[in-house]
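Colleague: Could you walk me through this model? I would like to hear about the sheets, the helix packing and the core.

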Amino acid sequence: MLDEDTNTFYIDNKIIQLTFNETIFLSLLIMNKNKVVDYKDILKEVYSEELIENKMIHKIHPLIHRLNRKIGKYVKIKKIRNKGVMLE
């Protein structure tokens with residue numbers, strides 16, 4: 001369960017504190033579970049920026065890495081090359 005008000009993720013009796021951007025990103029993935037979320041949509045939701053010729057994607061990869069470090073043993077975030085990311 002994700003609590004967007006406190007930026008907290010609860011799973012298997014664990015409490016995991018997230019950053020504001022991680023919370024927005026995870027919320028977007030949860031709403032689109034088992035669907036690919038396009039990089040441009042992630043940028044727009046998390047950073048309020050438009051994708052400019054794939055030059056802004058570098059902002060997303062550290063976010064994915066940090067979130068995987070925190071919750072990766074509980075949920076699987078999969079990168080889909082040149083398309084986006086999905087929560088399985």
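What follows is a short conversation about the model.

Modeller: Happy to! This is a predicted model, where local features need pLDDT of at least 70, side-chain atom pairs count only at pLDDT 80 or more, and totals for chains, interfaces and linings use all residues. Residues are numbered from 1 along each chain as its sequence is written, and side-chain values use heavy atoms, with hydrogens and water left out.

Colleague: In the sheet with β1, β2 and β3, which strands are the edge strands?

Modeller: Helices (H or I, at least four residues) and strands (E, at least two) are DSSP runs, numbered from the N terminus. Two strands pair if DSSP finds at least two bridges between them. This open sheet has 3 strands in the order β1-β2-β3, with antiparallel pairing. Pairing on one side only, the edge strands are β1 (2–3) and β3 (14–17).

Colleague: Which residue in β3 stands opposite T8?

Modeller: Strand β2 covers residues 8–11, and 4 bridges join β2 to β3 in the antiparallel sense. The partner of T8 in β3 is Q17.

Colleague: Is I16 buried or exposed?

Modeller: I16 lies in strand β3. Its contacts (heavy atoms within 4.5 Å), leaving aside neighbours within four places in sequence, are N7, T8, F9, I11, K70, I71 and Y74. Buried means under 20% relative accessible area, exposed over 50%, and partly exposed in between, with a 1.4 Å probe and protein chains only. I16 has 11% relative accessibility, so I16 counts as buried.

Colleague: What distance separates the C-alpha atoms of I16 and I71?

Modeller: I16 and I71 are 55 residues apart along the chain. The separation of their C-alpha atoms is 7.7 Å.

Colleague: At what angle do the axes of α1 and α3 cross?

Modeller: Axes are lines fitted to C-alpha atoms, for helices over the stretch in contact, and angles run from 0 to 180 degrees between N-to-C directions. Helix α1 (residues 20–31) and helix α3 (residues 60–71) have axes that come within 10 Å and cross at roughly 85 degrees. Angles under 35 degrees count as roughly parallel, over 145 as roughly antiparallel, 65 to 115 as roughly perpendicular and the rest as oblique. The crossing therefore makes α1, relative to α3, roughly perpendicular.

Colleague: Which residues in α3 does α1 meet?

Modeller: From α1, the residues are N21, E22, F25 and L26. In α3 they meet L63, I64, R66, L67, K70 and I71.

Colleague: Which residues touch the most other members of the largest nonpolar core?

Modeller: A nonpolar core is a set of buried Ala, Val, Leu, Ile, Met, Phe, Trp, Tyr and Cys residues joined through side-chain atoms within 4.5 Å. The largest one has 25 residues. Those touching the most other members are F9, F25, I42, I71, I77 and V85.

Colleague: What is phi of N7 near?

Modeller: N7 lies in the loop between β1 and β2 and is buried, with a relative accessible area of 17%. Its phi is a positive value in a residue other than glycine, near 55 degrees.

Colleague: And is D12 buried or exposed?

Modeller: D12 is found in the loop between β2 and β3, and its phi is also positive, near 45 degrees. With 56% relative accessibility, D12 counts as exposed.

Colleague: In the sheet with β4, β5 and β6, which residue in β6 stands opposite V37?

Modeller: This open sheet has 3 strands in the order β4-β6-β5, paired antiparallel. β4 and β6 pair over 2 bridges. Opposite V37 stands V85.
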